[in-house]
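Student: Could you walk me through the aromatic rings in this one, and what surrounds them? I'd like a close look rather than a tour of the whole thing.

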Amino acid sequence: MNMRELASRILNVTYDFPVTEVEAEGVYVTYGSEGAVVGGTTKPALARAYMLLAKGISEGRTSFKISEKAYFEECGVMLDVSRGSVMKVSGVKEYLDYMALHGMNLFMLYTEDVYEVEGYPLMGYQRGRYTLEELREIDDYADSLGIEVIPCIQTLGHMGKFLRYRAHGHMAENAEVLLPGEEATYELIEACISTMRKAVRSGRIHIGCDETRGLGFGKYFQLHGYRDRFEIYNEHVAKVVDICRKYDFHPMMWSDMYFSMTAPVGAGDYNMDVQVPQHAIDSMPDADMVFWDYYHVNNEFYGVNIEKHQKFNRKIWFAGGIWSWIGHAPNIRYTYETVKPALEECLKLGVTSVFAANWAYGDTSHFLALPCLAMYSEYCYKGLDCTKEDIYDVAEFVTRQPYELTEAISDFHCGFANSRNYGLMLLWSDPLINLLCYDMDFVRAENYFSNALEVFEKYPDAPYTDYYKAIFKAALHKARVHQNLQVRYKAGDREWLASFVKETVPRMQRDFEEAYAQSDQLWHRYFKTQGFERLACHYGAAIERIRYTGRIVERYLAGEIQKIEALEPEVVQGVAQDVSVERVMYSC
């Protein structure tokens, strides 16, 4: 891959002056009246050099020199393609292009069941699974960019989509977890690892093994009686590690179970106050540990847990989250708040391998969160000197998405952090029977959405602006309906209700149809067809419920019904406290 041509194509720039490529440590750029000199230790470092050259010129600088070193040995991204949205090979290639321009050298596709495995025809059936040829194509393209593709699969938990078929019942501990100790389970795992050996060059593989809830208390208990669940878990991991060695893979795994499984009940995944017992440390098989966390905004949490990982004497990876899994718009602001302390502690404590876990629940394109790549790349190349301004400066140049617009996108979440996404809940809430976001401040939401829409109007040519305008308008309608409909009905305001039927309902329907059209267009630009059916069901239901609400109010005004039953009850607090975004997305 020619890095100059890559930068020209993605950044839409022309290097119409002499450019000399040289061997250099890290990333090297000089520019002056006689042209430019660029260099890099690796292909991604050279691509980053071309990006920084173009950026410096775009800022009007007539001469400059840049010299950077990488503080992380591995820095990259894991893309989740298992939650109902499988990225097309062409989309993966485009994403890899952006990674290279940031200077990133590591890539994972998180594939629970969405890849073909010989002998298992239901593996990823009608889920958009990758063929072996597609995986090889991705690996070949990444290699041309100097990016290592590490398979990222599951070998114990998170296998619910595979286990839901009756033909796989003999391998099920419960609805989500494979059955340890069974020959059929290890035949499946070996077939999966064998497939990945045929697909990629890398000598490393991520075997998952996180969140194995219910292990030891399902079919295993029926077959073998009670046994310490940590012993079951550790024994299973050891067998998977042996299979990896057979295929010349060195495994890494999510580390949470070594912490939560040896902790008191309810302690959580990485409780700062709980120490891992020495027997768990001594018995862990030879696998790298991936410490993941997407939620904490304080340095102490990350520092304490990195030090606890170091007691295992294993290579440590850190995976932070790109908050794109909470529906329709990434929370870029909260992503930064969690990534900053995490990467600072990695730099202080010598963790040299990091990646961004870009999870998705099948309703958001990974490309919407492209500005988040700079959070990792700039800490990689600037270390502890990295500032928020450094990050957004690079993000704005590479993605052509202005900082102000990036901030406005995060307002879809109405100023809330963590997993409770009121924007998504408003979008899918029922106009008459609101059980998703009944307890929110609808005036606050209206202000967030209205202010964001004003920002979007300022940047009509920015990427995805039409999509954001559509979903924000749709959510704004719902905020206003929930704010007014029941109140006006109970006040007997027939004039408002008549206007609602005649003007608001048709406008809502049109705006939801536009949001549907924009989501459709964005989806099929990057993702395979399978998975969109769920999103189509959500939009279809939302649009029909808007129509239905209009018909019910119209019948009430015409005297055909004496009351609107759904608007009669007072709001009961506490109804929806446990409604998660995942449950919202999987409700169809």
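**Rings and their surroundings**

Tutor: Let's start with a charge over a ring: arginine 494 lies over the face of tyrosine 556, 5.6 Å from the ring centre. Keep in mind that this is a predicted model. Lysine 315 does something of the kind with tryptophan 317: its charged end sits over the tryptophan ring, at 5.1 Å from the centre. Hold on to tryptophan 317, as we'll come back to it.

Now for rings against rings. Searching the whole structure turns up 46 aromatic pairs. One to zoom in on is phenylalanine 291 with phenylalanine 318: the ring centres are 5.4 Å apart and the planes meet at 70°, so this counts as edge-to-face. Phenylalanine 291 belongs to strand β10 (residues 288-292) and phenylalanine 318 to strand β11 (residues 316-321), so the pair ties together parts that are 27 residues apart in sequence. Both of these phenylalanines are buried.

For another example, go to tyrosine 392 and tyrosine 403. Their rings are also edge-to-face, with 4.7 Å from centre to centre and 80° between the planes. Here the partners come from helices: tyrosine 392 is in α14 (residues 388-399) and tyrosine 403 is in α15 (residues 403-409), so the pair links parts 11 residues apart in sequence. Tyrosine 392 is buried, with a relative accessible area of 6%, whereas tyrosine 403 is partly exposed at 34%.

Back to the phenylalanines, and the sheet they sit in. Picture an open sheet of eight strands with parallel pairing, in the order β7-β6-β5-β12-β11-β10-β9-β8. Its edge strands are β7 (148-149) and β8 (204-206), each of which pairs on one side only. In that order β10 and β11 are neighbours; they run parallel and are joined by four bridges. Two of the residue matches are worth clicking on: methionine 289 has isoleucine 316 as its bridge partner in β11, and valine 290 is partnered there by tryptophan 317. So that's the tryptophan from before, the one with the charged end of lysine 315 over its ring.

How well covered is β11? Mostly covered: six of its six residues are buried. In a regular strand, side chains alternate between the two faces of the sheet. You can see both faces covered in β11: Ile316, Phe318 and Gly320 are buried on one side, and Trp317, Ala319 and Gly321 are buried on the other. That puts phenylalanine 318 and tryptophan 317 on opposite sides of the strand.

What lies across these strands? Helix α11 (residues 299-310) lies across β10 and β11, running at about 165° to β10. Further along, helix α8 (residues 229-246) lies across β8 and β9 (250-254), at about 145° to β9.

One last stop takes us away from the rings. Glutamate 378, in helix α13 (residues 373-382), is buried, with a relative accessible area of 0%. Its side chain makes a polar contact with the side chain of arginine 48, at 2.9 Å. Leaving aside residues up to four places away in sequence, glutamate 378 touches Arg48, Gly383, Cys386, Asp390, Ile391 and Val394. Asp390, Ile391 and Val394 fall within α14, the helix that holds tyrosine 392.

Terms used. Residues numbered from 1 in each chain as written. Heavy atoms only, no water. Phe/Tyr/Trp six-rings, centres within 6.5 Å; stacked < 30°, edge-to-face > 60°. Buried < 20%, exposed > 50% of the residue type's maximum accessible area, 1.4 Å probe, protein only. Lys NZ or Arg CZ within 6 Å of the ring centre and 35° of its normal. Polar contact = N/O pair within 3.5 Å; in protein donor to acceptor, adjacent residues only side chain to side chain. Contact = heavy atoms within 4.5 Å. Pairing = 2+ DSSP bridges. Axes fitted to C-alpha atoms, helices over the stretch in contact; angles between N-to-C directions.
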